[in-house]
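Work through these short exercises with the structure open beside you. Try each task before you read its solution.

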Amino acid sequence: ICLNTTEPDHISTTEVSVIDGRCSVTDHCVSSPNFPSNYGDLSMCVITLPAGFLYYSSFQTESWWDFLFVGEETFSGTSGPYGLEVEAGTSIYWSTDESVTDKGWEICWEETERATVSQVTLTSGDCVVSDNCVRTPNYPLNYNDMSSCGVVTPSGYIYSNSFSSEFGYDFVTVGAASFSGGAGPYGVEVEAGDFIHWSADGEVSNSGWEICLETVAREPVTELTVVRGHCEIRSTCVRSNNYPDEYDKYDCFILFPPGWIFATAFETETGYDFLYVNGNAFSGHFGPWGIELPTESVINWAPDNHTQQKGWEICHSETDTFVMVTTSTVEEITTSEPHRPGETQTLPSWAPPAQSIEGVVLPSVAGTVYFAMDSTAQATLCSNNMDLREALVDGANAIVTVPFSVAQVISAVVSPCDRRLVSGRILEVLSYSVDYELSLGSVSEVAVASAELIGDFSSFATEFAISLFNSLDITISGVHMEVVPFAEYSQNTTNISFVGVSSTPVHLRGSAAATMYLSVLWFFS
C-alpha cells in the first residue's frame with residue numbers, strides 16, 4: 001500500500017475510469033473481466049466515478065467470497081448497487097478469492113436519478129414484460145441457460161402466478177430476498193424504483209416463472225385454496241392429483257391460511273419431485289410436519305416429467321398439535337412407509353407409558369451441535385446449508401438402523417454468520433453452533449432412534465466432522481451436542497425426565513486429524 005500526498009493526475013472525477021485491473025468500460029458502464037463469461041480467480045480492479053447514481057444491469061458473484069465495494073457499501077452474491085448515489089471521486093473496488101468464479105457484473109453510471117416508473121419496466125436481459133407482469137424467456141417452456149434480466153417496479157405487491165427454477169442455482173432476487181425452486185415471491189411489497197433480478201446458471205433449466213405486480217394487496221384466504229393446478233381439497237386437507245394413485249406431471253399452487261401443517265402421507269420421487277413450504281423443499285418419503293404458517297402462505301407442488309409416485313396429503317390445523325387417533329389402548333405403534341412397512345416397534349422401557357396415550361402426536365427431534373472452527377471457514381459453512389444438512393444426516397446414519405434422509409432435516413441454522421467477520425478473513429478459532437430439527441414419523445421412532453444414538457453417539461461426531469471435511473474442506477473440533485425431542489418437549493416443558501449424559505474423545509484420521517470431546521445430553525418428556 002502506497003501513500004500519495006497529492007491526487008494522481010490520471011484519476012478522473014468526470015467520467016467512469018478503470019485505474020487498476022482488467023475491468024472494462026463501455027460508454028458509462030463498467031463490467032467485470034470477461035463479462036458475461038466468468039471472471040477469473042484472484043480477479044481485481046479499481047474504478048473511480050464522477051458524482052451520480054449507479055444501477056446494476058447484471059450481478060452474479062460467489063456469495064461471501066467475491067466482493068464489490070462501493071464507498072462504504074459491500075455487495076456479493078446476486079444483489080448489486082441499484083439507485084446508489086455516489087460522490088465525485090468515489091472508488092469501486094472489485095476483489096475475488098482463488099477459487100469458484102461466476103459470470104460477474106455490469107454496472108452503469110447515470111448523472112441523474114432515474115424517474116419513478118408507472119409500470120413494471122425491463123431494464124436489461126431477455127425476460128418478457130407485459131401488463132405489469134414479467135416472465136422468463138420461452139415461458140411456459142424451459143428458459144435458456146445463463147438467462148438473466150432485471151426489471152424495475154412501481155410501488156405495489158408482487159405475486160407469482162407460476163414459479164419453477166433449478167433449486168439452489170437459478171434465482172429471482174427481490175431486495176434482500178432470493179427465491180429458487182418452486183417457491184416464488186407472493187404478496188411481497190415493493191417500493192417505487194425497487195429492482196427485481198433474475199439469474200440462471202449454465203446447466204439445468206426449468207419451465208420458469210411469471211410474476212405480476214398489483215397496486216393493492218390481495219385479501220388473505222381463510223381456507224385452503226388451490227390457485228392453479230389439479231390438487232384436490234378434502235375438508236382441511238389437500239392432496240396431490242389422483243392420490244393415493246400416482247400423480248401426474250403437472251404442478252399446483254395452493255394458498256394456506258395461518259396455522260400449522262402436517263403431512264399425513266408423503267411419497268414422491270426423491271430429489272426430483274418437490275413440495276415447497278416457506279422456502280423448504282420436501283421430497284421422497286418425508287413431508288412437512290408441525291410447520292407453522294404465521295401468515296397466509298403459498299405451498300407449491302413441482303413434479304418433473306418422469307417417474308411418478310403415489311403422492312401426498314397435507315392437512316391444516318389451527319393449533320400446533322395434530323393427533324392421529326388409533327385404538328384406545330396403544331401398546332405398540334406400527335411404523336409407516338418407508339420405515340419398514342408393516343414392522344412393529346415396541347417402545348423402550350424408559351419411554352412414556354404407551355397405554356396412557358389416547359392418540360399419537362407425531363414428533364420431531366431438535367437440538368444443537370456445538371464445535372470450534374477456524375473463522376476463515378465461516379463463510380463456506382454459512383453459505384452451504386445443503387452440505388451441512390447432509391453432514392447431520394451422515395452423523396445420524398452412522399448409528400441408526402432406520403436411516404434418515406436430507407428431506408427430514410426441517411432446519412439447520414449456523415450461528416454466528418457475521419458478514420463483517422467473513423469479509424475480513426480474520427484467522428481465529430471461534431465457537432459455532434448448529435440449531436437443527438429432524439422430522440420423525442412417530443413417538444416410537446423418536447424412542448428407538450434416541451436409544452440408538454445414546455448407545456453410540458461418538459460415531460455421530462466422527463461422521464459429522466468427516467462429512468464437513470469431505471464436502472467443504474472444513475475441520476472442526478471440540479464437538480458437543482444437546483438433543484431434545486422437540487414436539488414433546490415444547491408441549492410440556494414442566495415434565496422433563498433426564499435420560500443420560502456421556503463424554504468421549506473422538507479421534508479423526510488423515511488430513512482431517514483432530515481430537516474432539518463429545519458430550520450428549522438427552523431428554524425425553
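**Exercise 1: a pair of charged side chains**

E110 is partly exposed, with a relative accessible area of 24%. The model is predicted.

Task: Classify R114 as buried, partly exposed or exposed, and say what E110 forms with R114.

Solution:
1. Recall the cut-offs: buried is under 20%, exposed is over 50%, and partly exposed is in between.
2. R114 has a relative accessible area of 32%.
3. R114 is therefore partly exposed.
4. The closest N and O atoms of E110 and R114 are 2.7 Å apart.
5. A salt bridge needs these atoms within 4 Å. E110 and R114 form one.

**Exercise 2: links across the chain**

Task: Find which strands hold R135 and E210, then do the same for E313 and R239.

Solution:
1. R135 and E210 form a salt bridge, with the closest N and O atoms 2.8 Å apart.
2. R135 is in strand 13 and E210 in strand 20, 75 residues apart.
3. Both R135 and E210 are buried.
4. E313 and R239 also meet in a salt bridge, 2.8 Å from N to O.
5. E313 lies in strand 30 and R239 in strand 23, so the pair ties together parts 74 residues apart in sequence.
6. E313 and R239 are buried too.

**Exercise 3: a loop residue**

Task: Locate D66 and decide whether D66 is buried or exposed.

Solution:
1. D66 lies in the loop between strand 5 and strand 6.
2. Its relative accessible area is 0%, so D66 is buried.
3. Beyond four places in sequence, D66 contacts several residues, including Y39, F75 and W94.

Key: Residues numbered from 1 in each chain as written. Predicted model: local features only at pLDDT ≥ 70, side-chain atom pairs only at ≥ 80, totals over all residues. Heavy atoms only, no water. Helix = DSSP H or I, 4+ residues; strand = E, 2+ residues; numbered from the N terminus. Buried < 20%, exposed > 50% of the residue type's maximum accessible area, 1.4 Å probe, protein only. Contact = heavy atoms within 4.5 Å. Salt bridge = Lys/Arg side-chain N within 4 Å of Asp/Glu carboxyl O.
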